[in-house]
Structure formats: structure tokens, C-alpha cells
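Biologist: I would like a close look at a single part of this model. Please take one strand and its surroundings, and keep it brisk.

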Amino acid sequence: MDRIEKQVPWYFTPTVVIVAGCLVAIVNFGVRSSFGLFTAPISEAHAWPREIFSFGLALQNLLWGIATPVAGALADRYGAARVIMVGAVVYAIGTCLMAIADTPILFHLSAGIMVGVGIAMSSFGIVMAALGRIVPPERRSWAFGIATASGSLGQFIFAPLGAALITAYGWQHALMILGVSSLLIVAFAVPLLVQNTSSTTLTKDEADITMGQAIGGAFGHRSYMMLVAGFFVCGFQLAFITVHLPPYLAEHGISKEFAGLAMGAIGLFNVVGSYTSGMIGGKYHKRVPLSLIYILRSLSIIGFISFPITTTTTMIFTATMGLLWLSTVPLTMGLVIVMFGTRYMATLYGFVFLSHQIGSFFGVWLGGRLYDAYGNYDVVWWLSIGLGLFAALVHLPIKEVRATKFAAA
Amino acid sequence: MGWPGHRLAITLFVTVIVVWIAVMAVLMRRSSLPPEASGPMLAVFEPGTAADDIFARLTFAGARPVRQTAFSFIWVVAGDEPGLAGRLAAQGAIGAYRELPLNPSIAGCFALADAKIAEYAGI
């Protein structure tokens, strides 16, 4: 056994593979988190209304969601590392093209379509699929936790980095630098080449079925549909808070500066929450903490909107929401593997994530729509609370066992 | 084959943050303004300096206070006359930086860190 271990190249050792996956997640999530900083400089440079930039980023989020199951299917078939590498190149080209796009169509093609597809192909969903195959079952949840926490850390550190790049080099060079830095993902993904593809990873407890049968079987599985429904709520709540909390705070007299700090607290506490959730998922039934996360989100929102909005209540709320932010991800991915195994997990998680992105769309859109209709955010806050309780309820009956069609005979 | 654990997570996150701070330090140095600079800028004073005192110094330097950040010793100021950064330094500011398209309080933290390093290094 010792002799075999010595033959493993250093870059395929568990520590290197996990660190590599985390670095991919940091860069993937980080670069995109700085795009908001370019709203003003790009719009002003081309004398475009803000709508053009906004539509580009909206398209990016939509493409990210739509392309994730496709990227997952490619990863399941050809290996996660290859998909991540190709995705990183598309991501880099798209980001660099954003810097030179001087027409709305070219901007939407680069910032919207290319970057959206690039993010999907190199996102932590694909990274987790690779880790899920490499890491033994008892360490999987932890690995998902550290990968998700890394993505959160990327978001936290890249926003100031992007701002400093703009100040130091100007927005065009800053975008170019960010684009080129996303090519780091290609190098970081090399150790993930150790991961096998679907054709070679059939484990003893998994049935030998095609991808089409797997997708059909998953959508016919009640627990999977509950997971899909629950993740919709996650997307709704996060997107609503991200977009509409700053104006809500402004309405209650909280300064823009403090609101920025409070939003930063979400990013910081998100790292802790994601990692902790991965640890918890490895020790207990995943559906219970997942359900608890949604209950706690609802209770946090009730507490926040029931008391006068002050800097203290704002910071408590954002810190709490930060802890609960992406902590759903390791548990959700873990449940996909429990129900369906590792063979098609990237594809099947991709569909769950698509539901998340559709939820995000409704969170942003309904937040604005209902605000316009009622003149305040009260209805959306209560909708968010209700959806949180709904998600808590639908997760509880999930059966944490291998789905019949996916179990070896 | 041994599988890593919490120690790896802590080491990874700490390393990433250290690298991040180093990169931010380099970028902040590039954002520091020469004495002849004017326009909008972040003015960083010694932590603990009274807000009234800072306000007076800004006025003497010919700076127009735009807003105070969450840290009382870091201000966003503006001024059209050339040499504003130099006049701020003469009034005791330990650094003047181009405004970052970021929360001024967070930008101010990095500016303070860079200003202190520059002060100790004699840059």
C-alpha cells in the first residue's frame, strides 16, 4: 500500500487536489463579484444608460443558471477538470472583451453570454463534483464546505481588489487584469485531472444507467423535486437581500457607507457559515440542518423587520444572514450524492442550481415589482419569510437514501 | 492515504488573506497621490486624532470635506487647486489616495495600512 502511495505524483495528493479546487472556486466567484464596480465607468465611457450594463449582468446570471446543467453533463462525461479549464478560457476571453466592447451587442455577448457560460463551466458546482468523486464519503461534506467557503472568500477579497485595480490602472486595464487572472483557474484545475469521468467511476452501489435515464429518474423522484423547490427559495432570498437590502436600509436612515460595511459582513460570515455547514453535513442527516437554515433565515428576517432598524440590528442581521448564506450549498450537494451517487452528480446538481437562479430572478424582480405596487418592501419581506418556512417544510420529508433506480441491483 | 482537515482550511484561508493583503498593499501604493495632486481624494490622518482637529486641518489645507468615513480619521475630501495632497501632508495627513470605487471606510482601512507602512519604511 505504501508503495502505491509513493507513486502518486505530488499534484494528485489529497491536500493539493482540495487546495486546487478551493483556488478555482476563489477565482471563479471572486472575479465576477467585482463586476458591479464597473457599472459607472463602463456606462460613462460609452455614454450608455445603466440599463445596458444591467442587462448584460442579468443575462450573465441567467446564462450561468441555464449553462450549469449542461456544464455538469459535460463534466460528468469528460471530467470536471477539462470542463473547468475550457470554462476558464471562455471566462477570461469574455472578461477581456468586456473591456473593449464598444457596442451594446458586443457587451451583452461578452459580459452576458461568454462570461455567464464561462462562470458556469468553472464554478464551484463543477469543482464540488470533482471533489465528490475524489474524496471518500466520510470527508465529502467537509470538502464541499471548504470549497463553498472558498468561493465566499473569493467574493469577499475580490471586490476591494477590483476597486484598487480600477484606481491604480483604470477600468479597462483592470478588466483585462481580472480576465487574465481568471486564466489562473486553468493551472489550478490541473490537479483535478485525477478525477475520473462517468464512464469509469461506477461504484459498487450505483446502478449502470445512462445520463438520460438519470435525469428522468431524478425528476421522477419526489425527494429531488423537494430539493429543487427548496433551492429556489435560497436563490430568491439571497438575490432579494443582495439587491434590495441597501435601498431598504437607506429608507430607514442607514448611511450608504454603513450599508456597504454591513453587506461586507455577509461575505465574511458566509465563509464561516459555509465551512461549518459542510462539517455539520458530514455528521448528521443533511435535511435537518438544511431545514433549520431556512427556519433561522425566516426568524432572522422577522426579528430584523419587527424592531426599529438601527446600525446594530443591521449588523446583527447581516452577520446572521452571512452565516446562513451559502451554507445551504454543501448540504444540497451532499443530498444529491446521497440520492443519486457520484456518477451524474454535476448534471443533477446543475438542475438544482438552475432552480436557484430562477429563484434569484424572481427575488430581484418581485422585490422591485412589489415595492412599486405597495410603496414599501413589507410584502416581499413577508413573502421571503413564508418561502423560508415552505423550504424548511419541504426539506424535512426528503429521504436520505439512494433512489431505487440509482441503486445497484 | 491521510485526508486533510481543519488545519488545511485555516492554513489555506490565512495564506489567501496574506497574499490578498500583500497585493492590496502594492495596489494602494500605486493609488497614493503625489504632493502636487488635487481633485477628490481620501485623506488619512493618525488614528485617534480628534474630528474637530482634522476638520480644522482640512480647512487650512484648502480641502473641501466631502464626507467622513466610519473611521473618524479618514475623510473623503476634494479641492481644485494643485498641491492639495502636499498641503494635506503639511497639515499632518499621513497619506492621500485616489478615491477607490468602494466603500470609503473599507478603502480607508487599506489606505491607513499602506500609509503606516510607507511612514515606517520612509517611502
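Modeller: What follows starts from one strand of chain B and works outward.

This is a predicted model. The part to look at is strand E3 of chain B, residues 74-78. Is it buried or exposed? E3(B) is mostly covered, with 4 of its 5 residues buried.

Take its strand partners in turn. Strand E1 of chain B, residues 41-44, pairs with E3(B). The sense is antiparallel, and the pairing runs over 4 bridges. Within it, Trp75(B) in E3(B) is the bridge partner of Ala43(B). Strand E2 of chain B, residues 64-68, is also joined to E3(B) by 4 bridges. Those two strands run antiparallel. Here Val77(B) in E3(B) stands opposite Pro65(B). A hairpin of 5 residues makes the link from E2(B) to E3(B).

Now follow E1(B), residues 41-44, into the core. The largest nonpolar core has 176 residues. Ala43(B) and Val44(B) are among the members that touch the most others. So are several residues of chain A, including Ile84(A) and Phe340(A). In soluble globular proteins, nonpolar side chains tend to be buried together.

Val44(B) shows what surrounds this spot. Setting aside neighbours within four places in sequence, its contacts include Phe73(B) and Ile74(B). Ile74(B) belongs to E3(B), residues 74-78. Further along the chain, Val44(B) is in contact with Ala93(B), Ile94(B) and Gly95(B), among others. Gly108(B), Ala111(B), Leu112(B) and Ala115(B) are also on its contact list.

Those last four residues sit in helix H4 of chain B, residues 104-121. How many residues does each chain give to the contact between A and B? Chain B gives 27 residues and chain A gives 28. On the chain B side, H4(B) and helix H1(B), residues 6-31, each supply at least two. H1(B) brings the largest share, 12 residues. By class, that side of chain B has 21 nonpolar, 4 polar and 2 charged residues.

Step back to the whole chain. Chain B has 4 helices and 4 strands. From the N terminus on, the order is α-β-α-β-β-α-β-α. Its radius of gyration is 17 Å, well over the 14 Å that the globule rule gives for 123 residues, so chain B is more spread out than a compact globule. Its C-alpha atoms fill a box of roughly 65 × 25 × 25 Å along the principal axes. Buried residues make up 39% of the chain. Among contacts between residues at least 6 apart in sequence, 70% join residues at least 24 apart.

Note on methods
Residues numbered from 1 in each chain as written. Chains lettered and ligands numbered in written order. Predicted model: local features only at pLDDT ≥ 70, side-chain atom pairs only at ≥ 80, totals over all residues. Buried ≥ 20, exposed ≤ 12 C-beta atoms within 10 Å, placed from the backbone. Pairing = 2+ DSSP bridges. Contact = placed C-beta atoms within 7 Å. Nonpolar A, V, L, I, M, F, W, Y, C, P; charged D, E, K, R; others polar. Core = buried A, V, L, I, M, F, W, Y, C linked by C-beta atoms within 7 Å. Rg over C-alpha atoms; globule rule 2.2 N^0.38 Å.
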